[in-house]
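Here is a quick tour of a protein model for someone who likes to think in rings, strands and contacts. Have the viewer open and follow along.

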Amino acid sequence: MLPEIKKLVENLQLLPHPEGGFYKEVYRSEKVIPKDALPDNFSGDRSYCTSIYFLLTSENFSAFHRIKQDEIWHFYGGSSLSVHVIDKEGNYTEHKVGMDFSKGEKPQLVVPAGCWFASSVAKENSYAFVGCTVAPGFDFEDFELAKGSVLASEHPKHESIIYRLTRQ
């Protein structure tokens with residue numbers, strides 16, 4: 001593990017994330033939105049907002065998954081991060097989250113609710129350190145990890161990237 005990665009994991013007490021990488025929840029609003037005020041696809045009350053630190057290394061990837069909320073990505077440091085999105089219409093886009101504006105990178109990205117997305121660090125022996133904000137607040141009940149064969153059958157023209165960024 002690179003010294004910078006070890007320092008971030010230890011100092012911020014990051015934990016392994018089920019989709020890949022490391023994370024730590026740093027904010028969860030005290031107030032909640034009651035279930036009856038949310039769309040029918042939510043199973044219960046949700047916090048107004050949550051945010052996490054997220055660290056991904058070039059040796060790993062964040063597997064395709066989707067959530068029921070919009071997710072805002074914020075770049076903090078390291079190498080740029082590719083966020084791979086398959087939208088509800090089946091279109092694939094690779095977004096670059098980072099600070100090299102000459103290469104089309106942007107320091108923030110919004111992944112709309114219900115889109116499949118994954119992320120990866122292209123630069124070898126590196127990492128991307130970002131934050132993710134979700135509203136209404138994140139709950140693991142809203143998280144769905146993609147099964148490669150199922151997602152590829154739904155989006156066959158993207159099967160190469162799907163199989164590269166899924167674990168099952």
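## Aromatic pairs

Tyr53, Tyr76 and Phe129 make up one aromatic cluster. Bear in mind that this is a predicted model. In total, the structure holds eight aromatic pairs. Take tyrosine 53 and phenylalanine 129: their ring centres are 5.5 Å apart with 40° between the planes, and the pair is tilted. These two partners come from distant parts of the chain, 76 residues apart, with tyrosine 53 in strand E5 (residues 50-57) and phenylalanine 129 in strand E12 (residues 127-135). Is tyrosine 53 buried or partly exposed? Tyrosine 53 is partly exposed, at a relative accessible area of 25%, whereas phenylalanine 129 is buried at 10%.

Now look at phenylalanine 138 and phenylalanine 140. Their ring centres sit 4.9 Å apart and the planes meet at 85°, so this pair is edge-to-face. Phenylalanine 138 counts as buried because its relative accessibility is 16%, under the 20% cut-off. Phenylalanine 140, at 39%, is partly exposed. There is also a charge-over-ring arrangement to check: the charged end of arginine 167 sits over the ring of phenylalanine 61, 4.0 Å from the ring centre.

## The sheet

Next, the strands. Six of them form an open sheet in the order E1-E2-E5-E12-E7-E10, and the pairing is antiparallel. Strand E1 (15-16) and strand E10 (108-111) are the edges, each pairing on one side only.

Start at the E1 edge. E1 and strand E2 (residues 22-28) run antiparallel and are joined by two bridges, with proline 16 opposite phenylalanine 22 in E2. The two strands form a hairpin with five residues between them, and glycine 20 in the turn has a positive phi of about 120°. Moving inward, E2 pairs with E5 over six bridges, again antiparallel; here glutamate 25 stands opposite isoleucine 52 in E5. Over at the other edge, strand E7 (residues 70-78) and E10 share four bridges in the antiparallel sense, and isoleucine 72 faces valine 110 in E10.

## Nonpolar cores

Which residues have the most contacts inside the largest nonpolar core? They are Phe54, Trp73, Leu81, Val83 and Val111, in a core of 18 residues. E5, E7, strand E8 (81-86), E10 and E12 are the elements that give two or more residues to this core. A second, separate core has twelve residues, including Phe61, Ala118, Ala146 and Ile161. As background, nonpolar side chains tend to be buried together in soluble globular proteins.

Tryptophan 73 is a good residue to click on. Setting aside residues up to four places away in sequence, tryptophan 73 touches a list that includes Phe54, Leu81, Val83, Leu109, Val111, Phe117 and Val130. Polar residues turn up as well, among them Gln108 and Ser119.

## Around phenylalanine 117

One of those contacts deserves its own look. Phenylalanine 117 lies in strand E11 (residues 116-120) and is buried, with a relative accessible area of 1%. Beyond its neighbours within four places in sequence, phenylalanine 117 is in contact with residues including Ala63, Phe64, Ile67, Trp73, Val83, Val85 and Val111. The set also takes in His65, Arg66, Glu71 and His84.

How far apart in space are phenylalanine 117 and valine 83? C-alpha to C-alpha, they are 6.7 Å apart, with 34 residues of sequence separation.

Terms used:
Residues numbered from 1 in each chain as written. Predicted model: local features only at pLDDT ≥ 70, side-chain atom pairs only at ≥ 80, totals over all residues. Heavy atoms only, no water. Pairing = 2+ DSSP bridges. Phe/Tyr/Trp six-rings, centres within 6.5 Å; stacked < 30°, edge-to-face > 60°. Buried < 20%, exposed > 50% of the residue type's maximum accessible area, 1.4 Å probe, protein only. Lys NZ or Arg CZ within 6 Å of the ring centre and 35° of its normal. Core = buried A, V, L, I, M, F, W, Y, C linked by side-chain atoms within 4.5 Å. Contact = heavy atoms within 4.5 Å.
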